[in-house]
Amino acid sequence: MMMSDQLEPAWALHTRNYRDTSLLVEFFGRESGRFSGVVKGARGRRPRYRGNVQPFVPMLVSSYGKHELKTIRALEFSQPVPDLGGQQLYMGIYVNELLYRLLGRFDAVPGLFDHYHKLLFQLALPEVAEKSLRVFELKLLAELGYGLSFEHDAESFEPVSPEIHYRFVPGQGFIAFQGVAESLQLFPGDHLLLIARGEMEREDVMLSAKRIVRSAMHELLDGRPLNSRNLFKSIQSG
């Protein structure tokens, strides 16, 4: 857990007002992992940092304090900011909520941090945004200890066959299905092999990847709905 005068790369996952002029920020730091920090003087008539303490703005952070809630000592902003808007913005909000809900406090995951940094700039490119999101979700599952094997049957350990369908069992994996493939919870073996290779350009393969990840995340979240998903649905229906 890195909490000192040393600046570390970080992103804000979530912010809310705190007392009269401060912000309570949930940070994702490269060396410190997820942690909460109070940014004093970030609001009010003459706010510090000019409103830059918000999600999707890269920063360097140092903090101090002996308890879980840290006080931010210094913030610096010098890097380019990903240009997120429309659906890509909601993808970013969704990812932030996943990290906020699933990462443990002060668990350093520098590899995931680097992947997240890369993802935010990829989300700004509509042609690769959805594929980049799916790849990141799979990376997050692996970091949490729930990595999926798309190339082997979870029961028989036989290689996945492109000719048959598989059912997905969260927490276990893919199991060959014997029968007529009519259920939406079944996945063609060729889809699984393409996902394993990161080849998700086909719309049907992308849909399979989305359904698999959604089912796995639902299990990790204990069935609790994501606020970001409900927000996106309300915007679409409105």
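**Exercise 1. Write out the order of helices and strands in the protein chain, then count them.**

Solution. Start at the N terminus and walk along the chain: the elements run β-β-β-β-β-α-α-α-β-β-β-α-α-α. That comes to six helices and eight strands. Keep in mind while you work that this is a predicted model.

**Exercise 2. Work out how the chain fills space and what it shows to the outside.**

Solution. Begin with the box: along the principal axes, the C-alpha atoms take up roughly 65 × 40 × 30 Å. Next, the inside: of the 238 residues, 42% are buried. Then look at contacts with a separation of 6 or more; 57% of them link residues 24 or more positions apart. Now the outside: the chain exposes about 12800 Å², with carbon and sulfur atoms supplying 49% of that area. Finish with charge: there are 28 positive and 28 negative charges, and their mean positions sit 13 Å apart.

**Exercise 3. Decide whether Ser-32 is buried or exposed, and find a side-chain partner for Ser-32.**

Solution. First, locate Ser-32: it's in the loop between β2 (22–29) and β3 (33–39). Second, check its accessibility. The cut-off for buried is under 20% relative accessible area, and Ser-32 comes in at 0%, so it counts as buried. Third, look for a partner: the side chain of Ser-32 makes a polar contact of 2.4 Å with that of Glu-8.

**Exercise 4. Explain what the salt bridge between Glu-68 and Arg-105 ties together.**

Solution. Check the distance first: the closest N and O atoms of Glu-68 and Arg-105 are 3.5 Å apart. Then place both ends. Glu-68 is in the loop between β4 (59–64) and β5 (69–76), while Arg-105 is in the loop between α1 (86–102) and α2 (110–123), so the pair ties together parts 37 residues apart in sequence. Arg-105 is partly exposed, at 30% relative accessible area. Now zoom out: Glu-68 and Arg-105 belong to a salt-bridge network along with Glu-26 and Arg-34. Across the whole structure, a search turns up twelve salt bridges.

**Exercise 5. Do the same for Glu-201 and Lys-131, then pick out the salt-bridge partner of Glu-199.**

Solution. The side chains of Glu-201 and Lys-131 meet in a salt bridge of 2.8 Å, N to O. Glu-201 lies in the loop between α4 (189–196) and α5 (203–220) and Lys-131 in helix α3 (residues 126–143), so this pair ties together parts 70 residues apart in sequence. For accessibility, Glu-201 is exposed at 59%, whereas Lys-131 is partly exposed at 27%. As for Glu-199, its partner is Arg-197, at 3.3 Å from N to O. Glu-199 is partly exposed, with 35% relative accessible area.

Conventions
Residues are numbered from 1 along each chain as its sequence is written. This is a predicted model: local features need pLDDT of at least 70, side-chain atom pairs count only at pLDDT 80 or more; totals for chains, interfaces and linings use all residues. Side-chain values use heavy atoms; hydrogens and water are left out. Helices (H or I, at least four residues) and strands (E, at least two) are DSSP runs, numbered from the N terminus. Buried means under 20% relative accessible area, exposed over 50%, partly exposed in between (1.4 Å probe, protein chains only). Contact means heavy atoms within 4.5 Å. Accessible areas come from the Shrake-Rupley method with a 1.4 Å probe; for residues, only the protein chains shown count as cover. Lys and Arg count as positive and Asp and Glu as negative; His and the chain ends are not counted. The place of a charge is taken as NZ of Lys, CZ of Arg, CG of Asp or CD of Glu. A polar contact is a pair of N or O atoms within 3.5 Å; within protein, one must be able to donate a hydrogen and the other to accept it, and residues adjacent in sequence count only if both atoms are side-chain atoms. A salt bridge is a side-chain nitrogen of Lys or Arg within 4 Å of a carboxyl oxygen of Asp or Glu.
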